[in-house]
Amino acid sequence: MASQSSLPTAAEEGFKDAASYDAFRPSYPPEAVEAFLTKLKVAQQDEAKIVEIAAGTGKFTELLARRPERFAVKAIEPHAGMREKLAQKDLSGVQVTDGKADKMPVGDEWGDACIAAQAFHWFATPEALKEIERVLRPGAVFGGIWNIEDYNKPKDWKATTKWEQKLNDFICSLDDGLPRFRHQKWKEVFDQQLPTNPVQAIKDTFTNSLPRFSLPLGEGNTKWTVWLSEEALASRLNTLSQIAVLKGDEREAFVKLFKEIVQGDNVERNEKGEIAVHGQTFFFWTDRL
């Protein structure tokens, strides 16, 4: 999440109900978490120091706190409501602080790893990357991880079902110009590290403007299916900022479309009437140079 002082109105509105966000946003599959932390070189590293940026209500922070490594975690969150929800959990080994990606209350080279869960797309800027470099020791790893339902995927990813694609088309139609994972723009900040020509490369060498993080990015994913009631699915959708802000006729149109979609013939249900919702946990990692 971006800093609250610069948080877009749609995002601030969408995230203001921290309790609903915490209740209805999913956690992360154990196998994805293990693979991710291994790539970050902190799995099985006792008392490793981890900086978590935009920790939100602590969906990923909780998993770090439960780990046997007894991580020391600095969980940084700019949104007051989300930060309060996280602090209330009183997680072992976790220090919750106010701050933002380009100005973190963390000492130089403190961290063994830095993590952005469900958030890096909001602050993928050169300023944030410079600050992440500052708080990490040389050789430490920065990584981002997201849960991406098929209905909120990038356009060029294939949906598992027709109904999820239809919902994805609708969500993409709500595009308000704000950066989200599905736009894949967050990757560009790493590419911007590279010189555009030989002259620029020489200039960067003399001005100490060399790349801060390794390329190409490492990437991994874990696919999953969860079963949700119509009510739970609607509640999860409403944690998306671009849906949370819908009002009046736009809200009514969304509710009508949602009901039509989930009553379609291609919606798989179990014996409880719950709907099969498909997605994946995507993660990347890069070494601090």
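These exercises, with worked solutions, deal with a predicted model of one protein chain.

**Exercise 1. The chain as a whole**

Task: State how many helices and strands the protein chain has, and what share of its residues count as buried.

Solution:
- Step 1. Begin with the elements. The protein chain holds twelve helices and seven strands.
- Step 2. Turn to burial. The chain has 289 residues, and 53% of them count as buried.
- Step 3. Add the contacts. Take those between residues at least 6 apart in sequence: 77% of them join residues at least 24 apart.

**Exercise 2. The sheet**

Task: Give the order of the strands in the open sheet, and name the edge strands.

Solution:
- Step 1. Write down the order. Seven strands form an open sheet, β3-β2-β1-β4-β5-β7-β6, and the pairing is mixed.
- Step 2. Find the edges. β3 (94-97) and β6 each pair on one side only, and these are the edge strands.
- Step 3. Look at the twist. From one strand to the next, the average is 20°.
- Step 4. Go to one pair. β6 and β7 run antiparallel, with eleven bridges between them. V226 stands opposite V277 in β7.
- Step 5. Place a helix on the sheet. α6 (residues 126-135) lies across β1 (49-53), β4 and β5. The angle between α6 and β5 is about 130°.

**Exercise 3. One face of helix α3**

Task: List the buried residues of helix α3, and decide whether they line one face of the helix or not.

Solution:
- Step 1. List them. Helix α3 (residues 30-39) has A32, V33, F36 and L37 as its buried residues.
- Step 2. Look down the axis. These buried residues fall within an arc of 125°, so they line one face of α3.
- Step 3. Recall the general rule. An α-helix has 3.6 residues a turn, so residues three or four places apart point the same way.
- Step 4. Ask what covers them. The cover includes α4 (61-66), β4 (111-117), β5 (136-149), β6 (218-228) and β7 (275-287).
- Step 5. Step past the helix. Just after α3, K41 has a positive phi of about 65°.

**Exercise 4. Repeat the method on helix α5**

Task: Which residues are buried in helix α5, and what arc do they cover?

Solution:
- Step 1. In α5 (residues 80-88), M82, R83 and L86 are buried.
- Step 2. The arc they cover around the axis is only 100°, which puts them on the same side of α5.
- Step 3. D90 follows α5, and its phi is positive, near 50°.

**Exercise 5. Buried or partly exposed?**

Task: Sort D22, T97 and N238 into buried or partly exposed, and list their contacts beyond four places in sequence.

Solution:
- Step 1. Set the cut-offs. Buried means under 20% relative accessible area, and partly exposed runs from there up to 50%.
- Step 2. Take D22, in helix α2 (residues 18-24). Its relative accessibility is 15%, so D22 counts as buried. D22 is in contact with T57, K59, K85 and K89.
- Step 3. Take T97, in strand β3. Its relative accessibility is 16%, so T97 is buried. T97 is in contact with A75, I76, E77, R83 and P105.
- Step 4. Take N238, in the loop between α10 (230-237) and α11 (241-244). At 29%, N238 counts as partly exposed. N238 is in contact with I243, A244, R251 and F254.
- Step 5. Compare sequence with space. N238 and F24 are 214 residues apart in sequence, but their C-alpha atoms are 8.9 Å apart.

**Exercise 6. The nonpolar cores**

Task: How many residues has the largest nonpolar core, and which strand gives the most to it?

Solution:
- Step 1. Count. The largest nonpolar core has 35 residues. Those with the most contacts inside it are F120, F123, I132, F142, W186, F190 and F284.
- Step 2. Trace the suppliers. α2, β1, β4, α6, β5, α8 (188-191) and β7 each supply at least two residues of this core. β5 gives the most, with five residues.
- Step 3. Separate the other core. Another core, of 27 residues, lies apart from this one and includes V33, L37, A113 and I115.
- Step 4. Zoom in on F120. Beyond its neighbours within four places in sequence, F120 is in contact with L129, I132, F142, W146, W186, V189, F190 and F284.

**Exercise 7. Cysteines**

Task: How many disulfides does a search of the whole structure find?

Solution:
- Step 1. The search finds zero disulfides.
- Step 2. Check two cysteines for burial. C114 is buried, with a relative accessible area of 0%. C172 has 12% relative accessibility, so C172 counts as buried.

Technical notes
Residues numbered from 1 in each chain as written. Predicted model: local features only at pLDDT ≥ 70, side-chain atom pairs only at ≥ 80, totals over all residues. Heavy atoms only, no water. Buried < 20%, exposed > 50% of the residue type's maximum accessible area, 1.4 Å probe, protein only. Helix = DSSP H or I, 4+ residues; strand = E, 2+ residues; numbered from the N terminus. Arc of directions from axis to C-beta. Contact = heavy atoms within 4.5 Å. Pairing = 2+ DSSP bridges. Axes fitted to C-alpha atoms, helices over the stretch in contact; angles between N-to-C directions. Disulfide = S-S within 2.5 Å. Core = buried A, V, L, I, M, F, W, Y, C linked by side-chain atoms within 4.5 Å.
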